[in-house]
Amino acid sequence: GMLDRLYTKFDALSEEHQVFKVETIGDAYMGVTNLHKDQPDHAARMAYFAKAVIEAANKTLIEEDNPLKGSVCIRVGLHSGP
């Protein structure tokens, strides 16, 4: 379904941006940086990833058989710090 198509795109983007996918819970996708290896640019890396997943979502149709239903819109939250 739609979530599978969307998360497949997110997984590819997480590899591209070297963001570690922690888990998906329902419709929530959680990723982190600077966890398994030192990433001095971790905040910028996550921001670029966030921008990329928003763009990917906006290009993902809700129903491929009915483009009139539009595309997916998401919101993204970021946290930095201990």
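Helices and strands here are DSSP runs, numbered from the N terminus. By that count, glutamine 18 sits in the loop between α1 and β1 (20–25), a spot that comes up again further down. The model is a predicted one, so everything below is read off computed coordinates.

Start with the overall layout. The chain has two helices and two strands, and reading along the sequence gives the pattern α-β-β-α. The C-alpha trace spans about 45 × 20 × 20 Å along its principal axes. Of the 82 residues, 24% count as buried. The accessible surface adds up to about 5,800 Å², with 55% of it belonging to carbon and sulfur atoms. As for how the chain folds back on itself, take the contacts between residues at least 6 apart in sequence: 39% of them join residues at least 24 apart.

Helix α2 covers residues 42–58, and its length checks out. At 1.5 Å a residue, its 17 residues should span 24 Å, and the end C-alpha atoms are indeed 24 Å apart. The buried residues in α2 are Arg45, Met46, Phe49, Ala50, Ala52, Val53, Ala56 and Ala57. An α-helix has 3.6 residues a turn, so residues three or four places apart point the same way. The cover over the buried residues of α2 includes α1 (2–16) and β2 (28–32).

One of those buried residues, arginine 45, deserves a closer look. Arginine 45 is in helix α2 and has a relative accessibility of 17%; the cut-off for buried is under 20%, so this arginine makes it. Setting aside neighbours within four places in sequence, arginine 45 is in contact with His17, Gln18, Val19, Thr33 and Gln39. Valine 19 is 26 residues away from arginine 45 in sequence, yet the two C-alpha atoms are 7.7 Å apart in space. The arginine 45 side chain also makes a polar contact with the side chain of glutamine 18, at 3.4 Å.

That brings the story back to glutamine 18. Its phi is positive, about 55°, although the residue is not a glycine. With a relative accessible area of 40%, glutamine 18 is partly exposed.

Threonine 33 belongs to the same neighbourhood as arginine 45, as the two are in contact. Threonine 33 lies in the loop between β2 and α2 and is buried, at 16% relative accessibility. Its side chain reaches the backbone oxygen of histidine 42 at 3.3 Å. Not counting residues up to four places away in sequence, threonine 33 touches Gln18, Val19, Gln39, His42, Arg45 and Met46.

The loop between β2 and α2 also holds asparagine 34 and leucine 35. Asparagine 34 has a phi near 65°, a positive value in a residue other than glycine, and is partly exposed at 32% relative accessible area. Leucine 35, by contrast, counts as exposed, with a relative accessible area of 53%. Leucine 35 joins Phe20, Val22 and Met30 in a nonpolar patch on the surface, and together these residues have about 350 Å² of accessible area.

Then there are the charged pairs. The count comes to five salt bridges, including the three described here. Arginine 5 and glutamate 64 meet through their side chains at 3.7 Å, N to O. This pair links distant parts of the chain, with arginine 5 in helix α1 and glutamate 64 in the segment after α2, 59 residues apart. Glutamate 64 is exposed, at 54% relative accessibility.

Aspartate 11 and lysine 21 form another salt bridge, at 3.2 Å, N to O. Aspartate 11 lies in helix α1 and lysine 21 in strand β1, so the pair ties together parts that are 10 residues apart in sequence. Aspartate 11 is partly exposed at 25% relative accessibility, and lysine 21 is partly exposed at 31%.

Glutamate 63, next in the list, forms a salt bridge with lysine 69, with the closest N and O atoms 2.7 Å apart. Both ends are partly exposed: glutamate 63 has 33% relative accessibility, and lysine 69 has a relative accessible area of 45%.

Key:
Residues are numbered from 1 along each chain as its sequence is written. This is a predicted model: local features need pLDDT of at least 70, side-chain atom pairs count only at pLDDT 80 or more; totals for chains, interfaces and linings use all residues. Side-chain values use heavy atoms; hydrogens and water are left out. Helices (H or I, at least four residues) and strands (E, at least two) are DSSP runs, numbered from the N terminus. The expected span of a helix is 1.5 Å times one less than its number of residues. Buried means under 20% relative accessible area, exposed over 50%, partly exposed in between (1.4 Å probe, protein chains only). Contact means heavy atoms within 4.5 Å. Patches are made of residues with over 30% relative accessible area and no salt bridge: like charges are joined within 9 Å, nonpolar side chains (Val, Leu, Ile, Met, Phe, Trp, Tyr) within 5 Å. Accessible areas come from the Shrake-Rupley method with a 1.4 Å probe; for residues, only the protein chains shown count as cover. A salt bridge is a side-chain nitrogen of Lys or Arg within 4 Å of a carboxyl oxygen of Asp or Glu. A polar contact is a pair of N or O atoms within 3.5 Å; within protein, one must be able to donate a hydrogen and the other to accept it, and residues adjacent in sequence count only if both atoms are side-chain atoms.
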